[in-house]
Amino acid sequence: SRIHGAGLCKAPAGKGVTRMKITLTVNDQVYIRDAAPSKNLLHFLREDVGLTGTKEGCGAGECGACTVIMNGKSVNACLVLAPEADGAVIRTVEGEALNGALSPVQHKFMEHHAVQCGFCTPGMLMSIRDLLGRVPKPSVHQIKEAIEGNFCRCTGYQQIIEAVLDVTGQLTKDNKGELRHV
C-alpha cells in the first residue's frame, strides 16, 4: 500500500516562491530547513538533513531504493516534494538502529544474507517495517506484496522473505528455501 506522492499533504502555492521553510520530524528529531519548492523529499533528507541512508535508484518511483515511512505509510521519497511533507513524521533507515544496535529486522537480514550489495536494503527495510507495523505475522504472499515495489538484483528475494519469516517467528524447515547461487 505504498503512496506515490500525489495528495499526501497540502503544499503552499505561490508564484515566485524560491525557498520555503519545511519542518519535519525525522527519526524522532525535528528539522527545520529552507528548501526550493521543487526539491523532492529524497534530496531534502540527503542534502538538507544529512541522512544519506535513503538511496536514489531510478528517480521515478519504480525501484523502491528511496522508500521511507511518512506519517505511518511507505512512500517513494523521490516522488514526494519536500513541501508536501511539511509537518510530516518521517522514519528513515537511520531510525532502525537503536543506540547503535541493529534492529531485529536488520539482524535477520544479515543472518539470512538478505544484504549483498546493500543498495536496495534501506528501502527494503522500510517496506518491511511498514508491513510489520500493519501485519505482525505476515504470510509469504503479504511479504511479497509488501516488497513488490523494491527491486533487488543480488539476493533473488528468497533470503529477504526468510528474514521476515524468521523475525516474526514463522520460519520453519517447510518454508525455508534452499539458497542456490547460479
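In this predicted model, the crossing of helices α3 and α4 is right-handed. Helix α3 covers residues 121–134 and helix α4 covers residues 140–147. Their axes lie 9 Å apart and form an angle of about 130°. Angles over 145 degrees would count as roughly antiparallel and those from 65 to 115 as roughly perpendicular; α3 and α4 are therefore oblique to each other.

The side of this contact that belongs to α3 consists of Met-124, Ser-127, Ile-128 and Leu-131. On α4, the partners are Gln-142, Ile-143, Ala-146 and Ile-147. Six of the residues in the contact of α3 with α4 are nonpolar and two are polar, while none is charged.

Helix α4 also packs against helix α5, which spans residues 158–167. Here the angle is about 125° and the axes are 10 Å apart. The pair α4 and α5 is therefore oblique as well. The crossing of α4 and α5 is right-handed, as is that of α3 and α4.

In the contact between α4 and α5, Val-140, Ile-143, Lys-144 and Ile-147 are the residues from α4. They meet Ile-160, Ile-161, Val-164 and Leu-165 of α5. The residues of this contact comprise seven nonpolar and one charged, with no polar residue. Lysine counts as charged, so the charged residue is Lys-144 of α4.

Helix α4 thus takes part in both packings. Ile-143 and Ile-147 of α4 appear in the contact with α3 and again in the contact with α5.

Conventions:
Residues are numbered from 1 along each chain as its sequence is written. This is a predicted model: local features need pLDDT of at least 70, side-chain atom pairs count only at pLDDT 80 or more; totals for chains, interfaces and linings use all residues. Side-chain values use heavy atoms; hydrogens and water are left out. Axes are lines fitted to C-alpha atoms, for helices over the stretch in contact, and angles run from 0 to 180 degrees between N-to-C directions. Helices (H or I, at least four residues) and strands (E, at least two) are DSSP runs, numbered from the N terminus. Angles under 35 degrees count as roughly parallel, over 145 as roughly antiparallel, 65 to 115 as roughly perpendicular and the rest as oblique. A crossing is left-handed if the near helix is turned anticlockwise from the far one by less than a right angle, and right-handed if clockwise. Contact means heavy atoms within 4.5 Å.
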